[in-house]
Amino acid sequence: MRSEAEMYQLFQDMAEADSRILAVYMNGSRTNANVPKDIFQDYDIVFVVTETGSFIRDRDWIHKFGKILYMQYPDEHPDYPADKEHFYGWLMQFADGVRMDLHVESVSHAREHIGDDSLCRILLDKENILPEIPAATDEDYYVKKPSEAQFHACTNEFWWCSNNLAKGLWRKEIPYVQDMANFVVRKQLEKMLSWKVGIKTDFSVSVGKSAKYLYRWLDADEYQNYVSTYFGGGINEAWEAVFLTCDLFDNTSEYVAEKLGYTYHTDEAAAARGFLEHVRKLPEDAEEVY
């Protein structure tokens, strides 16, 4: 597997050898000092170019980066429009284990958007075409202190959508339950736990994509409870995980509300929890909810 130094040299050599490439910059985890380095970190590289068309038409040039195992052309997806004239990418997994997300970008687009991501580092600027940017930082990704309205919206969304978990489990519709749990209900728990981390760190850290770094700041037991809220395809297993999710959300909401001086509507939580418990006991042939 090629080293980081070898990859940076490759990017520079290719840029220096091609007059169409005017600058190179990188964003993503490799610019973030707070992210531990590992073998799966990819290279998010942008070549700022005189025009994108010739790079898109000649697809052989990307093989200069190494032997490609497989790849994706995200800007060729028929359902998502792309501004190919200004920004175009290739996502590549190489045979030696390196992964690279490469884009070519017009000068005008780069000048306008290079500051959109605070995790950005300029590697090469042959003609000083790029504006000066601050040192890379993940501050834009720090957990933000919620307003009381945001706090209430989170708790209401969690408890209201738990209703969908109840009916889905009674119907034994595990695919629906999984989607509702992971894409709706869990996202509120993730948000609430992130706010707890924010409170504990004076809102000065990022918990990462999908809150993957929660383990750094939560107690070991609390984090294990969070991981245990994920469940497989069994109905009873799912019910147990749902109630564990409710317990964790309830406890965390009380903590966040107390620390921020907000009101937590415990009556709403109790009513929703009671509904879940009632539905779990309903017979399969029930003709009425109550």
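How much space lies in the largest cavity? About 50 Å³. The views below take up this cavity, then two pockets and one helix, all in a predicted model.

**View 1. The largest cavity is lined by residues that include Leu-165, Phe-231 and Val-242.** The structure holds one cavity of 30 Å³ or more. Its lining also includes Ala-181, Val-185, Arg-186, Thr-229 and Thr-245. Two elements, H5 and H7, each give two or more residues to this lining. H5 gives the most, with three residues. By class, the cavity lining has five nonpolar, two polar and one charged residues.

**View 2. The largest pocket has a volume of about 820 Å³.** Which residues are closest to the centre of this pocket? They are Ser-206, Gly-208, Lys-209, Ser-210 and Lys-212, out of 36 lining residues. Helix H5 (residues 174-200) supplies the largest share of the lining, five residues. The classes divide into twelve nonpolar, eleven polar and 13 charged. H5 thus appears in two views: it gives the most to the lining of the largest cavity, and it gives the largest share to the lining of the largest pocket.

**View 3. The second largest pocket holds about 250 Å³ of space.** Its lining has 14 residues. Nearest the centre lie Tyr-25, Asn-27, Val-46, Phe-87 and Asp-117. Strands S1 (21-27), S2 (43-49) and S5 (99-106) each give two or more residues to the lining, and so does helix H3 (107-113). Five lining residues are nonpolar, four are polar and five are charged.

**View 4. Helix H8 spans residues 266-281.** H8 has 16 residues. From first C-alpha to last, the helix reaches 23 Å, close to the 22 Å expected at 1.5 Å a residue. Which residues of H8 are buried? They are Ala-269, Ala-272, Leu-276 and Val-279. Seen down the helix axis, these buried residues fall within an arc of 100°, so they line one face of H8. Helices H4 (148-170) and H7 (235-260) are among the elements that cover them. H7 also gives two or more residues to the lining of the largest cavity.

**View 5. The face of H8 turned away from its buried side carries exposed residues.** These are Asp-267, Ala-271 and Lys-281. Alanine occurs on both sides of the helix: Ala-271 is exposed, whereas Ala-269 and Ala-272 are buried.

Methods. Residues numbered from 1 in each chain as written. Predicted model: local features only at pLDDT ≥ 70, side-chain atom pairs only at ≥ 80, totals over all residues. Heavy atoms only, no water. Helix = DSSP H or I, 4+ residues; strand = E, 2+ residues; numbered from the N terminus. Expected span 1.5 Å × (residues − 1). Buried < 20%, exposed > 50% of the residue type's maximum accessible area, 1.4 Å probe, protein only. Arc of directions from axis to C-beta. Contact = heavy atoms within 4.5 Å. 1 Å grid on protein atoms, 1.4 Å probe; cavity = no way out; pocket = protein on both sides within 12 Å on 5 of 7 lines; lining within 4 Å. Points joined across faces, edges and corners; volume = space filled by probe spheres on them. Nonpolar A, V, L, I, M, F, W, Y, C, P; charged D, E, K, R; others polar.
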